[in-house]
Amino acid sequence: MSVVDAQKIAEVRRHHLAALAYEVEARGLRWRLAGPEESVLCVLSTVSRRRAMVVATPAGDGWSYLWAGGGIAPVTQVAAVADRLVRLLA
């Protein structure tokens, strides 16, 4: 993989994580990007103090979100993922 390819992947990953950050914030959760090249989304419930770490990764022909406990969903389902994270962190 070239440096250009790696940079493109990092940009796409940040784009997908930013989209999820917007959705979880709209549902009352807090978030921050962490890790190398902001490659992980940390989502926090201020009520329960529970948190989840979410990554976005290439999968097949597209991208998927992954989180602890076996959570996986295509990035095209960003609103549904945000809803699942709300329930997970309640």
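Two strands count as paired if DSSP finds at least two bridges between them. That rule underlies the hairpins described below. The model is predicted.

**Overall fold**

The protein chain holds two helices and five strands. Along the sequence they run in the order α-β-β-β-β-β-α. The C-alpha trace spans about 45 × 25 × 20 Å along its principal axes. What radius of gyration would a compact globule of 90 residues have? It would be near 12 Å, and the protein chain has 13 Å, which agrees.

Of the 90 residues, 36% are buried. Consider contacts in the protein chain with a separation of 6 or more: 39% of them join residues 24 or more positions apart.

**Surface and charge**

The accessible surface of the protein chain is about 5,400 Å². Carbon and sulfur atoms supply 55% of that surface. The side chains include 11 positive and 8 negative ones. The centres of these two sets lie 11 Å apart.

**Strand 2 and its neighbours**

Strand 2 covers residues 40–44. Is strand 2 mostly covered or mostly open? It is mostly covered, with five of its five residues buried. Here buried means under 20% relative accessible area.

In a regular strand, side chains alternate between the two faces of the sheet. In strand 2, Val40, Cys42 and Leu44 point one way. Leu41 and Val43 point the other way. Both sets are buried.

Strand 2 pairs with strand 1 and with strand 3, in the antiparallel sense each time. The table sets out the two pairings.

| Pairing | Bridges | Residues between the strands | Turn residue with positive phi |
|---|---|---|---|
| Strand 1 and strand 2 | five bridges | five residues | Gly35, near 80 degrees |
| Strand 2 and strand 3 | four bridges | six residues | Arg49, about 65 degrees |

Start with the hairpin of strand 1 and strand 2. Strand 1 spans residues 30–34. Which residue of strand 2 is the bridge partner of Ala34? It is Val40. Gly35, in this hairpin, takes a positive phi near 80 degrees.

Now the hairpin of strand 2 and strand 3. Strand 3 spans residues 51–59. Leu44 of strand 2 stands opposite Arg51 in strand 3. Arg49 sits in the turn and has a positive phi of about 65 degrees.

Taken together, Val40 and Leu44 point one way from strand 2 and are buried. Val40 bridges to Ala34, while Leu44 faces Arg51 in strand 3.

Key
Residues numbered from 1 in each chain as written. Predicted model: local features only at pLDDT ≥ 70, side-chain atom pairs only at ≥ 80, totals over all residues. Heavy atoms only, no water. Rg over C-alpha atoms; globule rule 2.2 N^0.38 Å. Buried < 20%, exposed > 50% of the residue type's maximum accessible area, 1.4 Å probe, protein only. Contact = heavy atoms within 4.5 Å. Areas by Shrake-Rupley, 256 points an atom, 1.4 Å probe, with all protein chains shown as cover. Lys, Arg positive; Asp, Glu negative; His and termini not counted. Charge placed at Lys NZ, Arg CZ, Asp CG, Glu CD.
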